[in-house]
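Good morning, and thank you for coming. Please look at the sequence and the structure as they appear, and then we shall go through them together.

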Amino acid sequence: EIYTLSLHDALPISTSALGLALLVLSPSVILSIRDIVASGGIGTDQLTTGAALLPLILIVVPTQAAAEEYVFRGFALRALMGWGLAPLVAMIVAVVPFTLGHVYGWKGMLDVTVFGLCMAWLVVRTGGLEAAIGLHVVNNLIGAVFSAFGQGNLLDDNIPVWTLILSLVQTLVYTAIADRLWAAKKSRSKRLRSEERRVGKECRS
């Protein structure tokens with residue numbers, strides 16, 4: 001069963017997830033800015049359009065990303081596991097509608113599939129949606145902002161292969177770090193509970 005953390009616990013974890021996502025995805029941002037500079041910058045019309053879309057992007061994209069996590073990981077994945085499917089099988093089944101819900105080129109579809117599997121892994125491992133939502137929100141915001149200014153498009157299969165590879169590596173790195181951070185936090189919590197029980201027994205004796 002997948003549980004959602006309380007608000008008290010979720011806020012610091014969500015903040016950490018957003019910070020980790022920004023750190024892991026920073027190479028993509030830097031390289032995209034480099035490409036913009038190399039191409040001569042952004043045209044006036046595109047700059048105006050992008051600036052006009054920015055407030056809408058900042059409102060809609062995080063909401064959309066979080067909603068996808070609640071639907072595909074918070075609901076669908078939990079339901080599949082509740083029906084008796086093993087976690088790994090449930091992850092694979094749940095990622096199918098998630099992938100099909102994105103009409104990209106084959107590179108984008110591969111990227112989305114790996115992304116969906118990694119986010120499902122984090123949800124099962126951590127028992128909550130915070131880590132998955134953190135990366136999903138930051139990833140989509142970066143993509144939407146650059147797309148609004150005419151830079152990059154997953155619908156286009158002409159994007160370089162190295163762009164796909166970088167995206168896959170960043171997703172895997174984020175997943176590995178978030179998984180290890182959660183494991184370390186869980187280990188510390190177990191030690192603290194054990195110490196509290198020991199102290200409690202000594203006080204009663």
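**Helix H4 and its surroundings**

Let me begin with helix H4, residues 106-126, and a check on its length. At 1.5 Å a residue, its 21 residues should span 30 Å, and the C-alpha atoms at its two ends are indeed 30 Å apart, so expectation and model agree. I should say at once that this model is predicted.

Which residues of H4 are buried? They are Lys-107, Gly-108, Asp-111, Val-112, Phe-115, Gly-116, Cys-118, Met-119, Ala-120, Leu-122, Val-123 and Thr-126. The residue that follows H4 is Gly-127, and its phi is positive, near 75°.

Let us now step back to the chain as a whole. It has 6 helices and 0 strands, so that, read from the N terminus, the order of elements is α-α-α-α-α-α. Of its 205 residues, 35% count as buried. Consider next the contacts between residues at least 6 apart in sequence: 82% of them join residues at least 24 apart.

I turn to one pair of helices. H2 covers residues 44-82 and H3 covers residues 87-100; the two pack at an angle of about 140°, and their axes are 9 Å apart. Why is H2 called oblique to H3? The reason is that angle: roughly antiparallel would require an angle over 145 degrees, and the angle of about 140° therefore makes H2 oblique to H3. The crossing of H2 past H3 is right-handed.

Which residues make this contact? From H2 come Glu-68, Phe-72, Arg-73, Leu-77, Leu-80 and Met-81. From H3 come Pro-87, Ala-90, Met-91, Val-93, Ala-94, Pro-97 and Phe-98. By type, the residues of the contact are 11 nonpolar, no polar and 2 charged.

My last example is a single residue, Ile-42, which lies in the loop between helix H1, residues 7-38, and H2. Is Ile-42 buried, exposed or partly exposed? Its relative accessibility is 29%, and buried would mean under 20%, exposed over 50%; Ile-42 therefore counts as partly exposed.

Which residues does Ile-42 touch, leaving aside those up to four places away in sequence? They are Ile-36, Leu-47, Phe-149 and Gln-151. Take Gln-151 from that list: Ile-42 and Gln-151 are 109 residues apart in sequence, yet 8.8 Å apart in space, C-alpha to C-alpha.

How values were computed:
Residues are numbered from 1 along each chain as its sequence is written. This is a predicted model: local features need pLDDT of at least 70, side-chain atom pairs count only at pLDDT 80 or more; totals for chains, interfaces and linings use all residues. Side-chain values use heavy atoms; hydrogens and water are left out. Axes are lines fitted to C-alpha atoms, for helices over the stretch in contact, and angles run from 0 to 180 degrees between N-to-C directions. Helices (H or I, at least four residues) and strands (E, at least two) are DSSP runs, numbered from the N terminus. Angles under 35 degrees count as roughly parallel, over 145 as roughly antiparallel, 65 to 115 as roughly perpendicular and the rest as oblique. A crossing is left-handed if the near helix is turned anticlockwise from the far one by less than a right angle, and right-handed if clockwise. Contact means heavy atoms within 4.5 Å. Ala, Val, Leu, Ile, Met, Phe, Trp, Tyr, Cys and Pro count as nonpolar, Asp, Glu, Lys and Arg as charged, and the others, Gly among them, as polar. The expected span of a helix is 1.5 Å times one less than its number of residues. Buried means under 20% relative accessible area, exposed over 50%, partly exposed in between (1.4 Å probe, protein chains only).
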